[in-house]
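Okay, thanks for coming, everyone. I'd like to walk you through one model today, so let me put it on the screen.

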Amino acid sequence: MSQNNSTSKHPPALRTNDGVALVTSLAILSIVGMLILGTIFTTRVEMAISRNDATSSQAQYVAQAGLQKYKAALFQNFRWLESDPVLSGGSSNTDACSNSLSEGLNFDRDPTRTEWNGNRIDLTQENVTDVNGDVIGTYTVSFLRDPNNESRITLRSVGRTVAGSDNVRATSTATATYFIRNSSTLEQAVFAGSGSGMRFINGNTTIYGGVYIMGDKNNPDAYVIEANGDMSMFNGYSTSESGNPIFLVDAVRSAGNLCAALRVESGKVAVGGSTLLGEPDNRLLTVAVDDGLEDVDTSQGGTTECKGNKGVCSEMGITPFDISEPPVYPKLDESPDTHFCPDPKSWRTCIQEEAIADGMVLTTGGGSTVTLASPNGESIALKSACQAALDTAAASPDKTLTLSSDLDCTVTVNSVTYGFTFNPGSGGFKTYGNVNFRGLNLEIASDSKYRALSRDENGVTRKFAGLSLEAINGEGGDFTALASFVADETYAAFPDNVLSIVAEGTVSLVGQPNDDSYTAAIYAGTEFRIRNSTKLFGQVIADIFCTTNDPDSCSSAGSPAEVFFVPTGDNRPQSYRAIAPRSGLPTFVVEAYELR
């Protein structure tokens, strides 16, 4: 009996667990793949962001490189131009806010400047390299000048990175605004020394422009200003305040910005009553007083709050004195040690030498005789009437030459006229070159208009001159004006027509109140006095400054008077320019900074 052993060939059934594992594996692989792709994408994004951040940071560093380089170059250029009046020339600098950068920049330190073009100067693009010398970026620098204030300059540096293999590059801009000034003595309406604590700026005195007071370092608690009435100090003036006088050029009959600041090296300031230092809508640049706010006394009803009619209105508030190396009060027997009067020459010597070269020196001989140091050493005599008037003044107890009638004290050498004339009528006071009185006082007794004339080394006529008065053995050295004494506008208005007055003793402007005016750049070695309700247009350097009702002293100080700061700039003889404006100290204030 046979048996059938055939076997079935059907495949085994698929197990459920194996299918789930496959699906799960595929899902896991998909998730892992997505994570890997996400990680790769995220990494690429982060790398791109990092590259962008690095490129942006690099662009910022490149921009800052341009800013830092030309910030230093700008200040160095300013200091150099201020120290070299020959190369910094180009204008008379009779703008209250002008400085040696007003005519342009000069980074190559030669007579050729890069001039402002619409208050803007753009430099050519420069490269920035790494340590291997490879270019990593470029910057372009621009200088932007404030059209309303030549001392405010904005420096803008635009930095760009060099595109890499992925063509990524970035741009950044660094911007900073600087206020650049020179703290020179003659850039103030009043520069005061240490005499009598300078407490005489008070009462109703009004000063349009800056005030600089040295004070007495041995008596730092003394009040240098006792403003207990309506004393005011402003950063500008209008034609209604100046009176719109015809003896001023149109440009200075009003001034919107005088770059005015109040600085006190040593001493205290009393702000009482309705004292107003600056105005809410035209503030002073700064009020920097010795140790700061603690040296400002408001116990007499004043306030440091800036109000409409009183208070302290300053862009920088009240700060401690802010100049590390303050200017020094100039003296005739000391050397300015500047381009125009180098050491070891004294200021007195430089004034006399320039008067001999272009003008005359009149000296008392210890008695009743006045001798002439002739121009260029020529042997020539004064006119008899002039010699008689001078000898009479020398013989008088007060050594005063009073100009009240016609007087011709000119001499002619090689067809060139030197000296001065005075005519109380339409002629006024005329100088031909610089006039130096030694051992005499000078008094102007009637209303006069002056014409100032001098010549440079090439014989070119200039409409400015110097009048100096020196003491000999304690006699002489004073200048007094008993009436108006202003520039003759038919010849040239002030400050194009400028008589600079240097008196070793006292300068007294004591004309009739509410009527008389004066135009001059003035130095008074001891006291400067101005009668109440009179006006001075110009500048004053004096050891003691006072407004007074007493023409012979400061004993009744505090009467109202007005001083309008009108800088004369380079419109002065070289010996008078020896002490200013470029002998001061450059200041460089960062007002704003931005990096984006």
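Let me start with a question: in which sense do β5 and strand β36 (residues 586-595) pair, and over how many bridges? They run antiparallel, with nine bridges between them. If you want a spot to click on, take isoleucine 180, whose bridge partner in β36 is phenylalanine 588.

Before I go on, keep in mind that this is a predicted model.

β5 has another partner too. Strand β4 (residues 149-161) pairs with β5, again in the antiparallel sense and over nine bridges. There, serine 157 sits opposite alanine 174 of β5. As for how covered β5 is, it spans residues 171-182, and 11 of its 12 residues are buried.

Now the overall picture. The protein has five helices and 36 strands. It has 596 residues, and 53% of them count as buried. Looking at contacts with a separation of 6 or more, 64% come from residues 24 or more positions apart.

There's also a small sheet I'd like to show you. This one is open, has three strands in the order β9-β12-β15, and its pairing is parallel. The edges are β9 (223-227) and β15 (296-297); each has a single partner strand, so one side of each has no neighbour in the sheet. β12 and β15 are joined by two bridges in the parallel sense, and alanine 270 stands opposite aspartate 297 in β15.

Just before β12 comes a residue I'd like to spend a minute on, glutamate 265. You'll find glutamate 265 in the loop between β11 (262-264) and β12 (268-271). Is glutamate 265 buried or exposed? It's buried, because its relative accessible area is 9% and the cut-off for buried is under 20%. So what does glutamate 265 touch, leaving aside neighbours within four places in sequence? The list is Tyr212, Ile213, Met214, Lys217, Asp290, Phe321, Pro326 and Pro327. With tyrosine 212 there's a polar contact, side chain to side chain, at 3.1 Å. And from the C-alpha of glutamate 265 to that of alanine 288, 23 residues apart along the chain, the separation is 8.2 Å.

Tyr212 turns up again when we look at rings. Ring pairs join Tyr212 into a cluster with Phe191, Phe321, Tyr329, Trp347 and Tyr523. Phe321 is also on that contact list for glutamate 265.

How many aromatic pairs does the structure hold? There are 22. One of them is tyrosine 450 with phenylalanine 485, a tilted pair with 5.3 Å between the centres and 50 degrees between the planes. That pair links distant parts of the chain, with tyrosine 450 in strand β26 (residues 448-455) and phenylalanine 485 in strand β30 (residues 485-487), 35 residues apart. Tyrosine 450 is buried at 1% relative accessibility, and phenylalanine 485 is buried at 3%.

One more ring before we move on: lysine 463 lies over the face of tyrosine 491, 5.1 Å from the ring centre.

Last topic, salt bridges. The count is 24. Let me pick out a few. Aspartate 146 pairs with arginine 152, with 3.4 Å between the closest N and O atoms. Arginine 152 is buried, at a relative accessible area of 18%.

Next, back towards our loop, arginine 263 and aspartate 322 form a salt bridge at 2.7 Å, N to O. Their positions are 59 residues apart: arginine 263 is in strand β11, while aspartate 322 is in the loop between β17 (318-319) and α3 (347-357). How do the two ends compare for burial? Arginine 263 is buried at 18%, whereas aspartate 322 is partly exposed at 36%. The reason they get separate labels is that buried means under 20%.

Then there's glutamate 527 with arginine 529, where the closest N and O atoms are 2.8 Å apart. Both of these residues are buried. And finally, there's a network: Asp333, Arg348, Arg438, Glu470 and Glu504 are joined by salt bridges that share partners.

That's my tour. Happy to rotate the view if anyone wants to look at something again.

Conventions
Residues numbered from 1 in each chain as written. Predicted model: local features only at pLDDT ≥ 70, side-chain atom pairs only at ≥ 80, totals over all residues. Heavy atoms only, no water. Helix = DSSP H or I, 4+ residues; strand = E, 2+ residues; numbered from the N terminus. Buried < 20%, exposed > 50% of the residue type's maximum accessible area, 1.4 Å probe, protein only. Contact = heavy atoms within 4.5 Å. Polar contact = N/O pair within 3.5 Å; in protein donor to acceptor, adjacent residues only side chain to side chain. Phe/Tyr/Trp six-rings, centres within 6.5 Å; stacked < 30°, edge-to-face > 60°. Lys NZ or Arg CZ within 6 Å of the ring centre and 35° of its normal. Pairing = 2+ DSSP bridges. Salt bridge = Lys/Arg side-chain N within 4 Å of Asp/Glu carboxyl O.
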